[in-house]
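The following paragraphs consider how a protein meets a nucleic acid strand and how its interior is packed. Please keep the model in view while reading.

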Amino acid sequence: MERTSTRDQRLDQCLSAAYRAVYWQGFGYIIYDGQFNNMPVEVQSDGTGTGAHVPAHLTQIPIAVINIGIDCTNKIVKGKVIHKGPLVTVKPGKLVQKAVIQDDDDPSQTMSINIILLGSLAKDFSEVVNQGDVVTASGFTVGKSPTAKQDKLHPFDLILSGDDAFIYVSQRSDPDPKSSLANRRRPTLPAEDSKATKASKYTYVKLDNLKDGSTVNVYGVVVFFRQPYQSRGTDFCSSLKITDQSNHSVACTIFCENLEDHPKIFKIGDIIRMHRVKVKSYNNSVTLVSTFGFSVVTFDGSVGGALEPRTSSKSFSFTEEDRQTVEELRSWAAGHVLGPSVLSAVPLSDVQLTGYFDLTCQLLAKATIQNNCTLLRVWDGTKCPHTLLEVIVEPGCTEGPTSFSKAKESLIANVLVYDNHAEFAKQLKPGDFLRIYNLRAIPGSIKVSGLTSSKPVEGDHVTLNLHGGTSYGKGIRVLPEDNPDVQKLKRVFESLPKDEEDDLSDSNLIEIWGTPPESLGVTVGGKEECSGVRTERSCSHQMLPVTLAQLKQSHPDGSHHVRVQLRSFEPRRLYQALKLFCNKCSSLQDIPDDELVAGIFSEASQRSRACRPPDLLSGQVNLHEESSVSQSRVLGIHLCPNLIVKDLMFLEGSTLEETRLIAAEYQNIVPVTSSGDHLALLDLSAPFLFRDRRRYYGCKQCSETVLRNLSSVSMEVMDEKMIANTLGVELLQFVFVMKLELQDATDTLDVFLMKHALHTLS
DNA sequence: GATTAGGCTTGG
């Protein structure tokens with residue numbers, strides 16, 4: 001950021017908006033404070049099955065060709081809604097709705113893509129569109145899918161936001177009688193429906209009616225489960241136990257090669273539907289074992305919960321009858337004790353000194369402790385009443401932030417996971433929402449090969465361990481964003497007081513300040529090895545990322561989350577990032593160099609006449625310079641009568657160097673010049689105050705300096721703010737400013753990062 | 001159309 005007028009002007013222009021909008025959150029990501037564009041978006045909900053409302057000039061493109069580079073202008077994407085997530089309030093008034101659509105025109109094409117709807121469109125969509133509807137989207141943008149790895153769907157997302165975005169609902173096959181909007185639509189009988197009707201109707205056997213050797217379809221409520229684990233054969237194995245209204249409980253063993261195909265069970269009480277399980281007798285009990293063509297779908301078990309099927313099945317049928325079955329099982333289960341674990345979900349604040357429990361939490365950081373032991377640093381927004389194990393981690397072993405603010409740190413629990421769970425933890429990423437099953441709270445602290453430090457043995461201590469093995473369902477599961485418990489957690493996090501220093505504490509700043517920029521790895525990375533600008537940093541924000549193109553269209557006051565590449569940054573050296581900022585007029589300027597300041601002092605010194613203002617205590621010091629005896633100068637020293645001598649001194653006629661030397665001895669020096677009988681401050685390009693070895697500057701534009709009636713001045717606290725206030729100076733703030741040039745596939749964006757820096761300068 | 005597993009902890 002070299003000092004050029006054009007650059008300064010640009011900075012000035014940008015800053016008033018950018019200052020409000022952009023916060024320094026570590027250099028890895030940006031929060032852009034703005035609201036989603038709230039333009040009304042029409043959802044055409046009374047389609048007749050022909051897509052007649054879609055304007056003719058729009059061209060349909062297949063889902064398979066969607067790519068970040070495509071031109072989305074006048075393009076439409078059509079697909080059947082195979083999954084509809086809940087309407088999520090990211091922040092008050094900011095809605096997000098996620099759905100998955102599948103290419104419906106080409107049955108051989110099974111590619112599905114996530115569509116993300118923002119703002120009012122999200123709300124409309126959530127009210128009007130049902131699973132099974134065929135929708136046509138236009139005015140979308142394409143973003144990289146952050147969940148592609150997990151959901152195995154399309155590598156890109158369709159993002160619908162703002163007034164260009166439209167959803168045309170052209171068909172639906174499964175009317176929801178509860179939706180009044182849906183009822184307004186004409187009953188449709190498109191090909192879709194006949195296809196659905198053709199699908200063989202499944203019959204489900206109650207659990208008290210299982211005949212040995214038969215292959216059946218069943219519904220049940222989960223009373224026990226363990227996460228799938230690698231069997232000694234070719235498959236992963238899940239074992240679970242289910243029950244139903246017959247009160248019989250049946251053990252099930254499921255073998256599937258792919259983890260994806262295993263039942264996605266999150267908690268006891270989940271509802272499960274299995275197709276093609278074989279009834280086998282073992283130890284005089286009936287069991288169910290998966291057989292060829294096995295498929296499974298699970299649902300949340302809470303009464304009134306969303307009816308979101310969790311399945312990897314591409315072709316998946318769900319009828320009104322299914323809906324009823326699920327609801328009936330939910331109601332039935334609500335009145336029955338399903339197992340001890342149903343009560344085992346415990347927040348950190350309720351952790352007992354001894355016992356096992358399930359913890360729903362967010363992973364903030366993780367670290368390898370030993371070959372078979374990984375530390376998970378997690379939180380759920382509540383504070384554990386017991387002293388938790390502290391773990392010392394060797395440098396370079398941590399993924400995610402290595403330190404947090406005090407406030408956040410007090411909410412973080414260290415969980416040690418062993419063996420198979422340490423192995424599983426390799427795939428976890430900071431920010432993931434987790435449920436840790438059968439976590440054990442052990443009273444007292446345990447040393448882990450000298451790597452843990454026990455606090456003084458006072459009060460209650462507790463260590464959280466997830467021991468190896470899968471007995472009692474021990475395990476870890478990553479919960480999806482739309483999970484109701486995850487939503488709850490997010491709300492808790494949002495309600496916590498904002499923690500400004502969370503990502504860049506003072507100590508971190510000081511560390512950066514003292515570190516050559518080259519070794520900072522450009523600070524884009526949160527990982528230890530910051531070797532280049534492409535290091536990835538994940539953060540714990542829960543907003544869906546938007547593209548830069550979308551961000552540029554938004555109003556500049558809300559929060560956005562972008563995933564971008566850093567193209568360039570300025571300045572290259574951190575000290576060059578230090579600027580002066582005026583809170584009043586938002587102007588930004590460089591700190592004047594000593595040469596300029598010395599010139600101002602020198603000029604003022606020559607003008608000075610060492611006057612004696614009537615309201616101050618004044619004295620003079622005659623200076624005879626050895627080098628030129630002919631020239632002597634007079635330093636004027638003025639003190640406020642009602643202030644202690646050392647507290648504030650107005651120094652007249654001194655050079656910069658002299659001022660600096662005197663300022664080393666006296667606490668507050670205000671350099672002045674005289675005009676007639678009155679004192680005046682120097683040109684405000686020079687510091688107006690030398691205090692505690694720091695120099696303070698005032699805004700030329702906003703200051704209205706007054707150095708009269710100083711006799712009546714009294715200050716309760718003598719600090720730079722009070723002094724500036726007394727003198728009519730608008731105090732300039734020290735700030736770090738960096739300019740980043742960001743890019744993604746859609747656009748580039750210049751971003752200014754600002755952070756108040758005063759407390760780090762010494 | 002073979003095989004896997006068939007809950008039930010204690011320890012870093």
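A polar backbone atom of Gly468 is 2.8 Å from a base oxygen of DNA strand B, which is a polar contact, that is, a pair of N or O atoms within 3.5 Å. A polar side-chain atom of His467 lies 2.9 Å from a base nitrogen of DNA strand B, and one of Tyr356 lies 3.4 Å from a base oxygen of that strand. This is a predicted model, in which local features need pLDDT of at least 70, side-chain atom pairs count only at pLDDT 80 or more, and totals for chains, interfaces and linings use all residues. Side-chain values use heavy atoms, without hydrogens and water.

In total, 25 residues surround DNA strand B, the closest being Asn372, Asp419, Asn438, Arg440 and Tyr472; a residue is near the strand if one of its heavy atoms lies within 4 Å of it. Of the DNA strand B atoms within 4 Å of the protein, 31% belong to sugar or phosphate and the rest to bases.

The interior can be considered next. The largest nonpolar core has 51 residues, of which Phe650, Val670, Leu681, Phe688, Ile723 and Leu727 touch the most other members. Such a core is a set of buried (under 20% relative accessible area, 1.4 Å probe, protein chains only) Ala, Val, Leu, Ile, Met, Phe, Trp, Tyr and Cys residues joined through side-chain atoms within 4.5 Å. Because domain 1 (41-45 + 53-170) and domain 4 (588-729) both give residues to this core, it lies between them; the domain bounds come from an automatic or database assignment.

Notes
Residues are numbered from 1 along each chain as its sequence is written. Chains are lettered from A and ligands numbered from 1 in the order in which they are written. A polar contact is a pair of N or O atoms within 3.5 Å; within protein, one must be able to donate a hydrogen and the other to accept it, and residues adjacent in sequence count only if both atoms are side-chain atoms. Buried means under 20% relative accessible area, exposed over 50%, partly exposed in between (1.4 Å probe, protein chains only).
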